[in-house]
Amino acid sequence: MTASAADTVCRVMVFARAPTPGEAKTRLIPALGAAGAAALHRRLVMHCLGAATDAQLGPVELWCAPDAGGPFFRECERRFGVSLRSQGQGDLGTRMQGAFDAALARASRAILVGSDIPALSAQYLRDADRALAGGDDVVIGPAEDGGYVLVGLLRCDPELFRGIPWGGSEALAETRRRIAALGWRLIELPALWDVDRPEDLGRLPEEMRGGSTPAAGGAGDRSESGTPRNRGGLS
């Protein structure tokens with residue numbers, strides 16, 4: 001941590017993709033259609049940014065994919081007063097590592113959270129920060145599907161993110177093993193659910209449904225390049 005990092009105690013980073021129809025929330029396209037899935041993704045990102053800013057832990061950064069130049073991200077910047085950063089290239093672990101390296105150079109602790117978590121609240125983020133402030137090296141918010149929706153760190157090591165099976169249900173279990181191998185102290189928050197599959201839609205609060213109507217057909221859970229989408233709340 002640099003000397004200037006003392007100016008900020010905690011930074012909150014939200015990872016989000018642009019709500020582009022056909023590219024956002026592709027596993028929901030069979031139920032909602034491409035436009036409906038993208039619209040839901042937009043509402044979920046706004047919800048997570050609202051929770052992050054309401055928590056009042058410190059500066060909030062929106063880490064954008066594929067880059068920070070789209071109109072949706074600029075709208076988020078105006079509405080929530082967040083700063084925009086591009087996630088860059090590489091797998092999810094590489095992008096998370098880069099985000100933490102940048103944040104921990106300017107703050108004593110950092111929290112990274114996904115953008116598709118209906119139950120995320122300002123209090124949940126405050127609980128994560130409290131764990132780090134109390135001396136835990138890592139705080140994790142587990143996801144019900146075996147990944148995680150939040151990770152907070154006092155320090156970062158490349159081994160925490162390198163080679164994690166992000167597309168499967170073992171991401172959290174493998175991360176726990178890495179933390180134990182590093183000898184770091186871990187605390188876990190209550191598990192939350194994220195919106196990944198059509199069966200998750202019935203759990204959405206009414207205010208997040210936005211009048212979306214089911215649609216037949218869709219692209220399944222793969223991108224246009226044929227690669228699986230990440231699971232576990234982070235993107």
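Two strands count as paired here if DSSP finds at least two bridges between them, and with that in mind the tour of this predicted model can start at strands E5 and E6. Select E5 (residues 138–142) together with E6: five bridges join the two strands, which run antiparallel. Within this pair, Pro142 stands opposite Tyr148 in E6. The hairpin that E5 and E6 form has five residues between the strands, and there Gly146 takes a positive phi near 105°.

Keep E6 (residues 148–153) selected and look at its surroundings, where six of its six residues are buried, so the strand is largely enclosed by the rest of the structure. Then add strand E4 (residues 109–113), which pairs with E6 in the antiparallel sense over four bridges; in that pairing Val113 stands opposite Leu150 in E6. Now go back to E5 and bring in E7, to which E5 is joined by three bridges, the two strands running parallel. Here the bridge partner of Ile140 is Glu188 in E7.

Next, show every strand at once. The seven strands form an open sheet with mixed pairing, and their order is E3-E2-E1-E4-E6-E5-E7. Which strands stand at the edges? They are E3 (83–86) and E7 (186–188), each with a single partner strand, so one side of each is left without a neighbour in the sheet. From one strand to the next, the twist averages 20°.

With the sheet still displayed, turn on helix H2, which packs on the sheet and touches E1, E2 and E3, its direction making about 175° with that of E2. Helix H3 (residues 92–104) can be added after that; it lies across E1, E2, E3, E4 and E6 and runs at about 150° to E1.

Move now to helix H1 and follow its course. H1 has 27 residues, but its end C-alpha atoms are only 32 Å apart, short of the 39 Å that a straight helix would reach at 1.5 Å a residue. Centre the view on Ala35, where H1 has a kink of about 80°. Just after H1, select Gln56, which takes a positive phi of about 55° and is found in the loop between H1 and E2. Is Gln56 buried or exposed? With a relative accessible area of 69%, Gln56 is exposed.

On the other side of H1 in the sequence, select Lys25, in the loop between strand E1 (10–17) and helix H1 (29–55). Lys25 has a positive phi of about 50° although it is not a glycine. Its relative accessible area is 14%, and since a residue counts as buried under 20%, Lys25 is buried.

One more backbone feature deserves a stop: a cis peptide bond joins Ala65 and Pro66, with omega at about 5°. Pro66 lies in the loop between strand E2 (60–65) and helix H2 (71–80).

Finally, zoom out to the whole chain, which has six helices and seven strands that run, from the N terminus on, β-α-β-α-β-α-β-α-β-β-α-β-α. Of its 235 residues, 52% count as buried. Among contacts between residues at least 6 apart in sequence, 71% join residues at least 24 apart. With a surface display, the protein exposes about 9800 Å², of which carbon and sulfur atoms supply 51%.

How values were computed: Residues are numbered from 1 along each chain as its sequence is written. This is a predicted model: local features need pLDDT of at least 70, side-chain atom pairs count only at pLDDT 80 or more; totals for chains, interfaces and linings use all residues. Side-chain values use heavy atoms; hydrogens and water are left out. Buried means under 20% relative accessible area, exposed over 50%, partly exposed in between (1.4 Å probe, protein chains only). Contact means heavy atoms within 4.5 Å. Accessible areas come from the Shrake-Rupley method with a 1.4 Å probe; for residues, only the protein chains shown count as cover. The expected span of a helix is 1.5 Å times one less than its number of residues. The bend at a residue is the angle between axes fitted to the seven residues ending there and the seven starting there. Axes are lines fitted to C-alpha atoms, for helices over the stretch in contact, and angles run from 0 to 180 degrees between N-to-C directions.
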